[in-house]
Amino acid sequence: HVGLSMGIMGKGWRIALTTTCVLATVLTGLQPCRVIPSLALRNGAKSTQGFTRRASGAQLRRGFRRASGGRGRVRARASVVNAYCHGFLSDEKSTKGQWLKQKLNDAYSGTNLKTLNLNAGPDASTITPETGVEAINEFFEESVRRSGRDREDVKIRLVGSSLGGYVAALYASRYPSRVQSLTLICPSFDMKSRWHTVWGPEIMQKWKEEGGRIFKGFNERPDVRIPYSFVESCFKAPDFPVVTCPTVILHGTQDEVVTPSVSERYIKLDNPKGSEHISEKKKGPGGMGNVMLQLVPDNHDMTTPETLKLILGTVSWQWNLEESKRSDSDKTKGKSEEYEVETKYMLSDPKACEERIQQAGGKLIAVQSFEDRYWDIRGEWTLAKRSIWLRERAGVWEVKVPTGARDPEGGEVYQELRGEMEIQENLDALLTNTKRKQPFKDSPTLKEWLTRNGFEVYARYRTRRSKYKLSDGVIGDLDATDYGPSGFNLLELEKVVGSQEEIELAKKSLKESSLRILPTDRAEAGLNDEAVRGKLTEYIRRYEKELFETLSELENFNYLTADGFRQLDADLGSEIPQFEQWSMERGFKVGPISHYDFKNGSRGIKADSSVRKGDLLVEVPADSIIRLDPSEKFQRKIFSGTSLESKLEGLERLWNKYDKWYVRLGLKLLAEREKGKKSPVYGYVSLLPPLEDEKIPLLWSDQRIKASFGYYPQLYHTIIEQARLWRSISEELSNSTGLAAKDFIWAFYMCWSRAFQGDFGVPTWQALVPGLPFLREWTTSKPDLDSYVLLPYIDSHNHKTTESTSLNFNPWTGSFELLAGSDYKQGDEVFISYGKMSNDILLQRFSFVEHNNQLDCYRVKSEEIAFHFGISEDSLPEILRSNGIIYLRNGRAHDSKTVQALRSLSPNGPRELAHSLIQAIEKADNLEFSGDAIASGFRAEKLRLLREAMTV
């Protein structure tokens, strides 16, 4: 079992609210019992230690009834049937299916698994996705007839391997109300694009020309000829069927038939209700929250003993078989107990920690990816106030409730309930004494009942867990969440024992394991010296201030001061308090604002109290900026005391050779970084983020840039030319200085995306050009009059096109002040405008696009217009030829003369041009890079703009 702790530090003691994932039992080979996590109280150390007692029949307190009695149930349980769907070239005698069927029958009496034949015939020559769906449907209808119930009272649980996994998902997408859960083993999603890559275009063409292809049988099956109609049927089916039921995907890391990246892409897809399939271009930040992915060290067969054991355990967890088995066992053999001893560490460098684990002989068992959602009634906090935690993980519901008992160390003992009926019944009893609105008998599902009663998700995040097996039965989990700019990382060491007498020995084992993998130097191990907090606590303190403050007022949390949330908020990252201390020492004047990590993963500026338009947000003194003045000459003193000091001749030569402002300002920035704490701007430099190549198109390879934006040559050529120029300049600078080319790229991009431009030399208050850089060296009429400056704190504000910006320069003091452009409430994000820019410019300069940007446009060259209308460029009207580029903005051409010129080519000229451009974009789509959030977001905005033109 895996304890997912939620810990909060206070005066000399810690409370760690621990939750549990039963799936981890499968991976460790332990025999699971009912889970009862505990609160562990301990002093001083930078890790949490405690243990979890598991027992059956514990008394429930605070309004909860015992779950095992079944008292008060109105809605009858559904009749559940189970089926296994085999893979390509197999049948109902599938080795894996028969093994699983036998093991389920042996381990859980009464659990039957029907192995289906998806082939619609004696062999695989007649199989298609549709025959598979029909086979499942026939089994379902037969099960309905045998049960004597209505269809809505019968549910099916499906296990599918390879093609059978795809078919099971396809069935679940078409009949979501019938499927209770899915267990998919290397599911063969995305066949259309994969097959051309796996088999190659020549084999696919030959298959098509000959009408069929011979495949070698396996497991003593004869060879079989698969007709090309099978390929055609697969290509007609959706690439990624969307499912809404609880789903676990098991995928081998060495799978070369269906690479694990396919399943990784699948869990990132959005899940729009009512849609049978989804294009990956609609990917959202939340992804498929009902789907859990586990990567295991195996190939496509997934038949090693460890993997088969994992499959069996996963099915038993999804189907809640261990709970049922244990309930029966409790009646005949008495109660049993297990204890989970655990210790946790917060990580600042998870890669360093994982390397230490591997060096200590840790064996990677699996890599899991899952989403947790926590539910409560916002404002009332009906559950949280009672220390009750309702979690939905990959569509499976669990609730932790206090029993009123205490563990041997004084921590409160919790009981875990699983299964919608049990959870619904007990929550219904709790809400009877509060503001219950709807009885659960009127709601078909737990989620619908929760929604009717005012519950909503207040915490949602995805965790990627690397699970390692260490010596002496110790399991190490490396957890990385996806919230915040750098996420949140934990290491948990755990061991399960069968009696209280073994707890001390387990603690000793954990201590020995920690000494083997964690050196005395905590930084070397990648550990964080902050007080240990669990993932949910960290999420609440970052993003749910109201709940955090509510909890802080409870008796168990009374050690927190009134401003405890703000104190904790300061340690979002070590660079934040360091920057704030530096800015205070440098004489910054800062209004009621602070840095904050928002739920969308971005770091920006938050209003700590109400702000009125015109209020001072921040004033930056002149000696705390980095500035490049017009025609500034090379100054050797800038590089004094740095590693660049011995390279002055080469630097001066390159300074004069490249008169690009971002090159010169970038060199000044690098010099300050090289000085470390001796630099007057070290606090600012320490706040600047490292490069994230995956998120910055300018840093992509030529191939990736073309694949992502080649359909739009006006942007593609601009980005690729700039990227090549940067690579060339940085390599020459690297050869002359000895610094890595990547260092210069970092400096260029920091300046490119953060610098402000303006004339700061006039003897009056001079308003700047609004926003972050109008980097218009090629358009300004007087480039020699403009300076470029990096402004700490001001450049931390994020962009909103509609926001007004008041940024002023004081020529007498040399300081810069930013005034609020709008009114803000406490907790709002404070924005500035980077300028009036289309998404083309925003993407190139700042690596993001703005949804529904009213300033966005689609640039079309005259040769493209001629091509789309099937005429020569010389035949175009004069206005289209002379302008060279026309602009489609908000569904219309830029001006009426252009509209008339297009209509002269065709009565519906603008609409036809937009339609033709849409077709060109969709035809040029590249699946290899379509998962890039920025590329897919840009593409979606361009398609939206063009589709608006279709309705004008």
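This passage walks through the overall make-up of the protein and then through several of its local features.

The structure described here is a predicted model. Its 952 residues include 57% that count as buried, and the chain is organised into 30 helices and 35 strands. The accessible surface comes to about 39800 Å², with carbon and sulfur atoms holding 48% of that area. Sequence-distant contacts are a good place to begin a tour. Among contacts with a separation of 6 or more, 70% join residues that are 24 or more positions apart.

Aromatic rings offer a helpful set of landmarks. A pair of aromatic rings is described by the distance of the centres and the angle of the planes. The count for this protein comes to 39 aromatic pairs. One of them is the stacked pair of W661 and Y788, with 4.3 Å from centre to centre and 5° between the planes. Because W661 belongs to helix 20 (residues 661-675) and Y788 to strand 28 (residues 787-790), this pair ties together parts that are 127 residues apart in sequence. Both partners are shielded from the surface: W661 has a relative accessible area of 5% and is buried, and Y788 counts as buried at 5% relative accessibility. Another stacked pair is formed by W700 and F709, where the centres are 6.0 Å apart and the planes differ by 5°. W700 and F709 are buried too. W700 has a further partner, since R704 lies over the face of its ring, 4.1 Å from the ring centre.

Rings also gather into a larger group elsewhere in the chain. F88, W195, W199, W207, F215, Y228, F230 and F235 are linked into a cluster by ring pairs. A charged residue joins the picture at W207, where R213 lies over the ring face at 5.9 Å from the ring centre.

Several members of this cluster reappear where two helices meet. Two packed helices are described by the angle between their axes and the distance between the axes. Helix 5 (residues 191-198) and helix 7 (residues 228-236) pack with their axes 9 Å apart and at an angle of about 135°. That angle is neither over 145 degrees nor within 65 to 115 degrees, and the two helices are therefore oblique to each other. On the helix 5 side the contact is made by M191, K192, W195 and H196, and on the helix 7 side by F230, V231, C234 and F235.

M204, in helix 6 (residues 201-210), meets residues from both of these helices. Leaving out residues up to four places away in sequence, M204 touches W195, H196, W199, Y228, V231 and F235. The C-alpha atoms of M204 and V231 are 9.2 Å apart, while the two residues are 27 residues apart in sequence. M204 counts as buried, at 3% relative accessibility.

Two further residues illustrate how sequence-distant parts come together. T463 sits in strand 18 (residues 456-469) and is buried, with a relative accessible area of 0%. Its C-alpha atom is 6.2 Å from that of E371, although T463 and E371 are 92 residues apart in sequence. Beyond residues up to four places away in sequence, T463 touches Q368, S369, F370, D479, A480, T481 and K535. P689, by contrast, counts as partly exposed, at 35% relative accessibility. P689 is found in the loop between helix 21 (682-687) and helix 22 (702-709). Setting aside neighbours within four places in sequence, P689 is in contact with W746, M750 and R754. P689 and W746 are 57 residues apart in sequence, with 9.3 Å between their C-alpha atoms.

Finally, the backbone holds two details worth a look. M302 is not a glycine, yet it has a positive phi of about 55°. M302 is found in the loop between strand 12 (291-296) and helix 9 (305-318), and it is buried, with a relative accessible area of 0%. S847 is not a glycine either, and its phi is positive at about 65°. S847 lies in the loop between helix 25 (839-846) and strand 33 (858-861), and at 14% relative accessibility it counts as buried.

Key
Residues are numbered from 1 along each chain as its sequence is written. This is a predicted model: local features need pLDDT of at least 70, side-chain atom pairs count only at pLDDT 80 or more; totals for chains, interfaces and linings use all residues. Side-chain values use heavy atoms; hydrogens and water are left out. Helices (H or I, at least four residues) and strands (E, at least two) are DSSP runs, numbered from the N terminus. Buried means under 20% relative accessible area, exposed over 50%, partly exposed in between (1.4 Å probe, protein chains only). Contact means heavy atoms within 4.5 Å. Accessible areas come from the Shrake-Rupley method with a 1.4 Å probe; for residues, only the protein chains shown count as cover. Rings of Phe, Tyr and Trp (its six-membered ring) pair if their centres lie within 6.5 Å; planes under 30 degrees apart count as stacked, over 60 as edge-to-face and the rest as tilted. A charge sits over a ring if NZ of Lys or CZ of Arg is within 6 Å of the ring centre and within 35 degrees of the ring normal. Axes are lines fitted to C-alpha atoms, for helices over the stretch in contact, and angles run from 0 to 180 degrees between N-to-C directions. Angles under 35 degrees count as roughly parallel, over 145 as roughly antiparallel, 65 to 115 as roughly perpendicular and the rest as oblique.
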